[in-house]
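Please open the model in the viewer and keep the sequence panel at hand. The tour moves from single backbone sites to the whole chain.

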Amino acid sequence: MLRPIRALAAAAAALALVCACNSASGGSLPGKPGDAAAATRGVSAGSIKVGGIVSMTSASGYSKKDTDLGARARYLRANAEGGINGRTIDYVGAEDDGQDPGKNLAAARKLVQQDKVFAVAPMSSVTFSGADFLEQEKVPTFGWGTLPSFCGPRYVYGFNGCLVPSPGGTLNQTWPEGIGQVLGGAKGKSVAIIANDSDAGKFGIRTFQQGFAGAGFEVAYAKASVPATAVPSDWSAYVKDILAGDGGKAPDAVVSVMQTPNNIGLFTALKRAGYRGLLSDPTDYDPALLAKDTTRQALDGVHVLLQFEPFESANPRMDQFKADIKAASGGREVPLNMHMLTGYMSADLFVSIALKAGKDLTVAHFQNAAQSFSDTGTLVGDRAEPKGQKESFGCGALVRLKDGAYEVSVPFKCYEPVPFK
């Protein structure tokens, strides 16, 4: 009885050693040279398996679930056009991380270890604790580059580049330059910047403080002070602090680096306090927000930062995006939002690089293709790698909610980035 048990134990140990070696080499399985179907995790003779990580739910009720729809729409079109060098994209859908660091890492592990995906696209959350694991496992990962993990790692790509660079990188100037245009110039104008008390919020304050100052604004207030775990029920202390930020003089603009529930509370409180300056945030471009009178009133007049072509533009690529979303929605017209485009462009960058990698798709070939990748005229401007892993693509626009509808307040344009110190 002992001999079979020992034999099984020895076999299990050998198998564990093989698995450990394969994991260390990027998740590959044994195979002949050039045989991608047998050699690369998630790649078979006829398909490429891809998954996503998206904050479908959150404690505040905020959801990015339509990011999944946007990615699905791009993959459906790619498959309709013949796939990637003859392989169809097997999109397994997005895991919900609930904006929780533990769940984000668990989602990354599941996609790699259980679902055996070749790539993660999209990754859209305010947390990215799974970044180190995906980098270690050599999993090409694509998302909105608003977190530090999109800046520097070899296998992680922001669809609009790196937006939170480390010293030596550059800053995207779309937001300060756009607000400067709305205000008739930055000279002599002051701005208050507020964010959540989180890693993302602190990075946002650090970068945008430099960006607005670099554009010529006086930064009268810059704090990551709002709790990240719950939306405040009383905004009076924050409003008082903001309005007194420049020697008792209200700033010309208040910029919120927060999500919708916080923005609604803050902007409502500012308006009730009599503030008449410019309000701006990077998240509230969503027709669904206009269904409620209170939400519509809170966001009326707010200029929203976009890092892609506005839905209102006449760009043929925007027409294609809208057609793809409709197809993925079963032929139904659905209200468009920025989360859809986040997922769509994350998927689009993955598809574009994978096509360039050729028929023999391996992680190494994919990475080689990325090292010399570039294209022009996309919905996020001109793209290039590995540039995008160190700096943003520098393009964007502002839209304003007016009388219940969005209008372009600053057209889509690319700006020269400034050094990040």
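In this predicted model, begin by selecting Pro386, which sits in the loop between β13 (381-384) and β14 (395-402). Display the backbone on its N-terminal side: the peptide bond joining Glu385 and Pro386 is cis, with omega at about 5 degrees.

Next, select Ala121 and Pro122, which are likewise joined by a cis peptide bond; here omega is about 20 degrees. Pro122 belongs to strand β3, which covers residues 119-124.

Now turn to backbone phi angles. Select Asn85, in the loop between α3 (66-80) and β2 (88-96). Asn85 is not a glycine, yet its phi is positive, near 50 degrees. Show the surface at this position: Asn85 counts as partly exposed because its relative accessibility is 28%.

Follow the chain through β2 to Gln99, located in the loop between β2 and α4 (101-114). Gln99 also has a positive phi, about 60 degrees, without being a glycine.

Finally, select the entire chain and colour it by secondary structure, which comprises 13 helices and 16 strands. The C-alpha trace spans about 80 × 50 × 40 Å along its principal axes. The radius of gyration is 23 Å, which agrees with the value near 22 Å for a compact globule of 421 residues.

With a surface display, the accessible area of the chain comes to about 17600 Å², and carbon and sulfur atoms account for 54% of this area. Of the 421 residues, 52% are buried. As a last selection, take the 42 positive and 40 negative charges: their mean positions lie 4 Å apart.

Definitions and conventions
Residues are numbered from 1 along each chain as its sequence is written. This is a predicted model: local features need pLDDT of at least 70, side-chain atom pairs count only at pLDDT 80 or more; totals for chains, interfaces and linings use all residues. Side-chain values use heavy atoms; hydrogens and water are left out. Helices (H or I, at least four residues) and strands (E, at least two) are DSSP runs, numbered from the N terminus. Buried means under 20% relative accessible area, exposed over 50%, partly exposed in between (1.4 Å probe, protein chains only). The radius of gyration is taken over C-alpha atoms; the globule rule is 2.2 Å times the number of residues to the power 0.38. Accessible areas come from the Shrake-Rupley method with a 1.4 Å probe; for residues, only the protein chains shown count as cover. Lys and Arg count as positive and Asp and Glu as negative; His and the chain ends are not counted. The place of a charge is taken as NZ of Lys, CZ of Arg, CG of Asp or CD of Glu.
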